[in-house]
Each structure stands twice: as structure tokens, then as C-alpha cells.
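Trainee: Could you take me through the pockets of this model, and then through the packing around them? I would enjoy a close look.

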Amino acid sequence: MKMRKKVCILLGMLMVLCMAGCGRSGVYPKDGFAEGRFGDAMHTIFFDYTVNSAYTCMDYCGYTPEEGNMLLVADVTVKNTTRSSVTMYDTDFQAQWGGEGDDDFEVPITWYVDPVSDDQLPGEYDLGVNETKTGLLVFEVPEGEGDFSISYMELFSDGTEGDTFFVYFTVNEQE
């Protein structure tokens, strides 16, 4: 009986230790970088962001890309985690693919045109304390690409840079 009791106690302690690691969800930067996947909350110094899902298409609400390109449509949730309102810009986020060349990233189409859907995140918006906003980011990307990341780099008012965050994923084309 003593051996069985010891095994039960050890199993109980193991469960407690395993559960202690579950309390801290999301992805935090290490050595200046953090990377995640769909559904991971990326913890920046200003806010958390999650890329919920994404797909590519050739037309979004009447907007069609230039020849040789397609559209990447990403559903993103942003939550203010600071003690004051935060002004957000959809161009805080970039879509990236391929390598690290000058042509391997793009900002949302709202940098070039007005939003084409109420589902898109606005070009500029304020997030109140603890406020969450979910919307779409639409990017023009090269046709034929399937592996992407959506990145964010912390930039401070004095011009210095902080941590950089990447959410990596593979998408399929939607008709």
C-alpha cells in the first residue's frame, strides 16, 4: 500500500508541475525575436496580436490585384495590454514571403487605397485600455506564393527599435 500511495503522490505532483506551465499562454520574445503560428497570441510591449486565419484570392470585395499578384486576406485580433489608449495603424503589420529581399514584403492595401470592406481593420484606430479589435488585413502578394508570415516590429517614439514578431503560416487559395 505504501508504494501505491507514493506513486499517487508523485503523479499528483507531476500534474501540478505540468499545469503550472499552462498558465502562461502565448508567445513572448527571446533575444529580440518571437515566432508563432495561427492562434498564438504574440505579446508585444504595446499589445497582443493573433493571426486567426488567412487565405489567398484573386478578388476581395471588388478589389483585384495587379497582374502577377493575388490577395492575402488575414483575420487578425489585436488587444491593448497597456495602461493607456494605443493608436494603431494597419500598416504596423507586414506580410512577408520568400527571403529577405526588398520585394519580399508588403503592407496592407489600405496604404494605397481606402478600405474596400467594413471587415478590414481601419488604417488608423485607437484601442482603449484592455480593448480588443478583430478585423481583416488585406495584402497584395505575388501569385503562386503559399508560405507567409505577418510581422510586427516594436518602434518607440525616440526612433529605437524593440522586438520583432513573426506569425508563420501556409494558405490555400479561396474561390
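**The largest pocket and its surroundings**

Mentor: Gladly! The lining of the largest pocket is made up of ten nonpolar residues, seven polar ones and one charged residue. Bear in mind as we go that this is a predicted model. The space in this pocket comes to about 420 Å³. Its lining holds 18 residues, and nearest the centre you will find Thr91, Asp92, Tyr152, Met153 and Leu155. Four strands each supply at least two lining residues: S5 (86–89), S6 (93–96), S10 (147–155) and S11 (161–170).

Now turn to the second largest pocket, with a volume of about 220 Å³. Here 13 residues form the lining, and Gln96, Gly99, Glu100, Ser149 and Phe166 are the closest to the centre. Strands S10 and S11 each supply at least two residues of this lining too, and S10 has the largest share, with three residues. By character, the lining of the second largest pocket splits into five nonpolar, five polar and three charged residues.

Next, the packing. The largest nonpolar core has 30 residues, and those touching the most other members are Tyr49, Leu72, Val78, Met88, Phe93, Phe148 and Phe169. Several strands give two or more residues to this core, including S3 (47–57), S4 (69–80), S8 (124–127) and S9 (132–142). S5, S6, S10 and S11 also belong to that list, and these four strands are ones you have already met in the lining of the largest pocket. The most generous contributor to the core is S4, with five residues.

Met88 is a good residue to zoom in on. Leaving out residues up to four places away in sequence, Met88 touches Phe47, Val78, Phe93, Gly123, Glu124, Tyr125 and Leu127. There is also a second, separate core of eight residues, among them Cys57, Tyr60, Leu71 and Val73.

Cys57 brings us to the cysteines. The structure holds zero disulfides. For Cys57, the nearest cysteine sulfur is that of Cys61, 8.8 Å away. A disulfide needs the two sulfur atoms within 2.5 Å, so at 8.8 Å the sulfur of Cys61 is too far from that of Cys57 for a bond. The surroundings of the two residues can be set side by side: Cys57 has 5% relative accessibility and counts as buried, whereas Cys61 is partly exposed, at a relative accessible area of 49%.

Key: Residues are numbered from 1 along each chain as its sequence is written. This is a predicted model: local features need pLDDT of at least 70, side-chain atom pairs count only at pLDDT 80 or more; totals for chains, interfaces and linings use all residues. Side-chain values use heavy atoms; hydrogens and water are left out. Buried means under 20% relative accessible area, exposed over 50%, partly exposed in between (1.4 Å probe, protein chains only). On a 1 Å grid over the protein atoms alone, a cavity is a set of points where a 1.4 Å probe fits but cannot get out, and a pocket is an open set with protein on both sides within 12 Å along at least five of seven lines; lining residues have an atom within 4 Å of a point. Grid points are joined across faces, edges and corners, and a volume is the space filled by probe spheres set on the points. Ala, Val, Leu, Ile, Met, Phe, Trp, Tyr, Cys and Pro count as nonpolar, Asp, Glu, Lys and Arg as charged, and the others, Gly among them, as polar. A nonpolar core is a set of buried Ala, Val, Leu, Ile, Met, Phe, Trp, Tyr and Cys residues joined through side-chain atoms within 4.5 Å. Contact means heavy atoms within 4.5 Å.
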